[in-house]
Amino acid sequence: MMRDYYKKLPGDRKDGWKLRNVPLFFTVVPFIMRTRLDSQDYYAETLDAEPMMDFMKAHKEDIPNLSMMTIFVAAMVRMISQRPALNRFVVHNKLYAHNSIEISIAIKRNMSDDGEETMIKPSFDPRDTLPDVQRRLEEAIAEAMNHEEGTGIDGVAGWLGKLPAFLFRFAVSLIHFLDNNGWLPRKLTQASPWHCSAMFTNVGSLGIGPIYHHLTELGTYSCFIAMGKRERQTVYDENGEASVRRTVGMKIVNDERICDGYYYASSMRMLRRLLNNPALLMEPPKRVMLDPAVSNPLINDPNAGVDAAEEEHCERETAAAE
């Protein structure tokens, strides 16, 4: 979905460009904190849900079935398009930048204790608007629900699950080895829910608050965002006046090896601003920001502007209608 902005060079992966222009600290730290479990940091925030609720009510006609989850995912896509260091990942002590924006989301086929859970991994364009994100999510969910045999992710899991334990261990070790060297076949990275820009879960649909979800060593994602249920809380404004507002909790686990604290904090402020004002997501970004640490020759100009983005989206809509 995302353009091939850079020419591939030796050392790049199928799913990412190697970062060759990073400060010395980010070259050294992956050798000190060798795994994502060593590098997890945690962030929590309670958001005012009223702006999102009002926005969904105002757009129930032109964006049918719009949900708070869709707004969260759209805000994540927009944040990555403007804060590209959040789309980095570490594999085998080396730092890379994703050449796509993919977000893995866990869904249940039916809401019961024994309801089967699966994963979807829609791919997004960095210039996607909120309606674009809604359409891509609906297409991915419909595909997952309509296939009795499940998604490609389910197929790979089912195949591995049939192996004897010793062969299963060998297969997983082989997958780790191939992934560490960038040799994992594209079909496996496409099927893997852990090879993505970020993971998202809406545990609010289960009636609970947000959770801190750990990262895994397998894969390429560096961020896990959990959204909790809506609640009513007493909040105080800057004048000390109390009011009861609907709120939603958000918890994030991040790999701290991909960017510094200042960059991360600025990105979280951007995410909060987008969630507090979803109207910002109705227009494509004026510019797509690329990771400055990628020093490969540029082959596509991402700064074509809003007009070019709108033209491309119109072409896609026409093709989809046909």
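Asp48 is a good place to enter this predicted model, for with a relative accessible area of 26% this residue counts as partly exposed. Asp48 forms a salt bridge with Arg245, and the closest N and O atoms of the two are 2.7 Å apart. Because Asp48 belongs to strand S2 (residues 40–48) while Arg245 belongs to strand S10 (residues 242–255), the pair ties together parts that are 197 residues apart in sequence. Arg245, for its part, is also partly exposed, with a relative accessible area of 30%.

A second pair involves the residue that follows in the numbering, Arg246, whose side chain meets that of Glu50 in a salt bridge with an N to O distance of 2.9 Å. Here too distant parts of the chain are linked, since Arg246 lies in strand S10 and Glu50 in helix H2, 196 residues apart. The two partners are covered to differing degrees: Arg246 is partly exposed at a relative accessible area of 22%, whereas Glu50, at 12% relative accessibility, counts as buried because the limit for that class is under 20%. Elsewhere, salt bridges that share partners join Arg13, Asp15 and Asp179 into one network.

These pairs belong to a wider set, for a search of the whole structure finds twelve salt bridges. One of them is formed by Asp12 and Arg20, with the closest N and O atoms 3.1 Å apart. In this pair Asp12 is buried, having a relative accessible area of 16%, while Arg20 is partly exposed at 33%.

With these links in mind, the chain as a whole can be described. Its secondary structure comes to nine helices and ten strands, and of its 322 residues 50% count as buried. Among the contacts in the chain with a separation of 6 or more, 73% are between residues that stand 24 or more positions apart. The accessible surface comes to about 16,300 Å², and 54% of this area belongs to carbon and sulfur atoms.

From the overall view we can turn to the interior. The largest nonpolar core has 65 residues, and the members that touch the most others are Phe72, Val73 and Phe200. Helix H3 gives the most to this core, contributing eleven residues. If the neighbours within four places in sequence are left aside, Phe72 is in contact with Leu47, Met52, Phe200, Met227, Val248, Met250 and Leu275. There is also a second, separate core, made of seven residues, which includes Met119, Met199, Tyr221 and Val253.

Cysteines deserve a separate look, because a search of the whole structure finds zero disulfides, a disulfide being a pair of cysteine sulfur atoms within 2.5 Å. Cys196 is in no disulfide, and the nearest cysteine sulfur, which is that of Cys223, is 9.7 Å away. Cys196 is buried, with a relative accessible area of 1%. Cys259 is likewise in no disulfide, and the nearest cysteine sulfur is again that of Cys223, at 9.6 Å. This residue, Cys259, is buried as well, with a relative accessible area of 8%.

Nonpolar side chains are found on the outside too. Leu24, Val28, Phe31 and Ile32 form a nonpolar patch on the surface, and together they have about 440 Å² of accessible area. Ile32 has its place in helix H1, which covers residues 24–32. At 63% relative accessibility, Ile32 counts as exposed, because that class takes in values over 50%.

Two loop residues complete the tour, and both concern the backbone angle phi. Asn65 has a positive phi of about 65° although it is not a glycine, and its place is in the loop between helix H2 (50–58) and helix H3 (68–82). Asn65 counts as exposed, at 68% relative accessibility. His92, another residue other than glycine, also has a positive phi, near 55°. The place of His92 is in the loop between strand S3 (88–91) and strand S4 (94–98), and with a relative accessible area of 39% this residue is partly exposed.

Notes: Residues are numbered from 1 along each chain as its sequence is written. This is a predicted model: local features need pLDDT of at least 70, side-chain atom pairs count only at pLDDT 80 or more; totals for chains, interfaces and linings use all residues. Side-chain values use heavy atoms; hydrogens and water are left out. Helices (H or I, at least four residues) and strands (E, at least two) are DSSP runs, numbered from the N terminus. Buried means under 20% relative accessible area, exposed over 50%, partly exposed in between (1.4 Å probe, protein chains only). A nonpolar core is a set of buried Ala, Val, Leu, Ile, Met, Phe, Trp, Tyr and Cys residues joined through side-chain atoms within 4.5 Å. Contact means heavy atoms within 4.5 Å. Patches are made of residues with over 30% relative accessible area and no salt bridge: like charges are joined within 9 Å, nonpolar side chains (Val, Leu, Ile, Met, Phe, Trp, Tyr) within 5 Å. Accessible areas come from the Shrake-Rupley method with a 1.4 Å probe; for residues, only the protein chains shown count as cover. A salt bridge is a side-chain nitrogen of Lys or Arg within 4 Å of a carboxyl oxygen of Asp or Glu.
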